[in-house]
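Q: Please take a close look at one part of this model, the charged side chains and their surroundings. Which residues are involved, and how does the rest of the chain sit around them?

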Amino acid sequence: MVTGTTQGNRNAWFAKMIGRLFATGAEPETVYELACSINERFIDQPLETKEVTTIYNSILKREMKRFERNSIRNSRIAG
């Protein structure tokens, strides 16, 4: 993350960073706050707030689906 990214790779790099933040177990609100900070500090020509929110929501949706699948899988094992 420290090296940041340039304009041509911003969205993919940013989505990857948000995914990594979720992987730490951080709360969604914390991930969003950190994502906004990352956007301002580590992306050459930061993304617009609307785009940050769109990417964040996309990754959040994916992570929620993953959590649901894992919860169902774990309940089957335990049940």
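A: Start with the surface. Lys61, Lys65, Arg69 and Arg73 form a positive surface patch. The model is a predicted one. Lysine 65, one of the patch residues, sits in helix α3, which covers residues 49-78. The relative accessible area of lysine 65 is 45%, so this residue is partly exposed. That value lies between the limits of 20% for buried and 50% for exposed. Patch members need over 30% relative accessible area and no salt bridge. Lysine 65, at 45%, is over that area limit.

Now the salt bridges. The structure holds two. Side chains of opposite charge can pair when their charged atoms come close. In one bridge, glutamate 63 pairs with arginine 62. Their closest N and O atoms are 2.9 Å apart. In the other, arginine 66 pairs with glutamate 63, with 3.2 Å between the closest N and O atoms. Both distances, 2.9 Å and 3.2 Å, fall within the 4 Å cut-off for a salt bridge. Arginine 66 and glutamate 63 both belong to helix α3. They are three residues apart, about one turn of the helix. An α-helix has 3.6 residues a turn, so residues three or four places apart point the same way. Because the salt bridges share partners, Arg62, Glu63 and Arg66 are joined into one network.

How covered are these three side chains? Glutamate 63 has 14% relative accessibility, so this residue counts as buried. Arginine 62 is partly exposed, at 37% relative accessibility. Arginine 66 is partly exposed too, with a relative accessibility of 37%. The network therefore joins a buried glutamate to two partly exposed arginines.

Glutamate 63 also leads to another helix. Phenylalanine 22 is 41 residues away from glutamate 63 in sequence. In space, their C-alpha atoms are 7.5 Å apart. Phenylalanine 22 belongs to helix α1. With a relative accessible area of 10%, phenylalanine 22 is buried. Glutamate 63 is buried as well.

Next, helix α1 itself. This helix has 14 residues, from 10 to 23. At 1.5 Å a residue, α1 should span 20 Å. The C-alpha atoms at its ends are 20 Å apart, which agrees. The buried residues of α1 are Arg10, Trp13, Phe14, Ala15, Met17, Ile18, Gly19, Leu21 and Phe22. Alanine 12 also lies in α1. Alanine 12 counts as exposed, because its relative accessibility is 52% and the limit is 50%. The C-alpha atom of alanine 12 is 9.2 Å from that of isoleucine 55. Along the chain, these two residues are 43 residues apart. After α1 comes glycine 25, with a positive phi near 90°.

One loop residue deserves a look. Glutamine 45 lies between α2 (28-42) and α3. Most residues other than glycine have a negative phi, and most peptide bonds are trans. Glutamine 45 has a positive phi, near 65°. The relative accessible area of glutamine 45 is 44%, so the residue is partly exposed. Threonine 5 is 40 residues away from glutamine 45 along the chain. Their C-alpha atoms are separated by 9.3 Å. Threonine 5 is found in the segment before α1. At 10% relative accessibility, threonine 5 counts as buried.

Last, the chain as a whole. Its secondary structure comes to three helices and zero strands. From the N terminus on, the order is α-α-α. The chain has 79 residues, and 29% of them count as buried. Glutamate 63, phenylalanine 22 and threonine 5 are among the buried residues.

Terms used:
Residues numbered from 1 in each chain as written. Predicted model: local features only at pLDDT ≥ 70, side-chain atom pairs only at ≥ 80, totals over all residues. Heavy atoms only, no water. Patch = residues over 30% accessible without salt bridge, like charges linked within 9 Å, V, L, I, M, F, W, Y side chains within 5 Å. Areas by Shrake-Rupley, 256 points an atom, 1.4 Å probe, with all protein chains shown as cover. Salt bridge = Lys/Arg side-chain N within 4 Å of Asp/Glu carboxyl O. Lys, Arg positive; Asp, Glu negative; His and termini not counted. Charge placed at Lys NZ, Arg CZ, Asp CG, Glu CD. Helix = DSSP H or I, 4+ residues; strand = E, 2+ residues; numbered from the N terminus. Buried < 20%, exposed > 50% of the residue type's maximum accessible area, 1.4 Å probe, protein only. Expected span 1.5 Å × (residues − 1).
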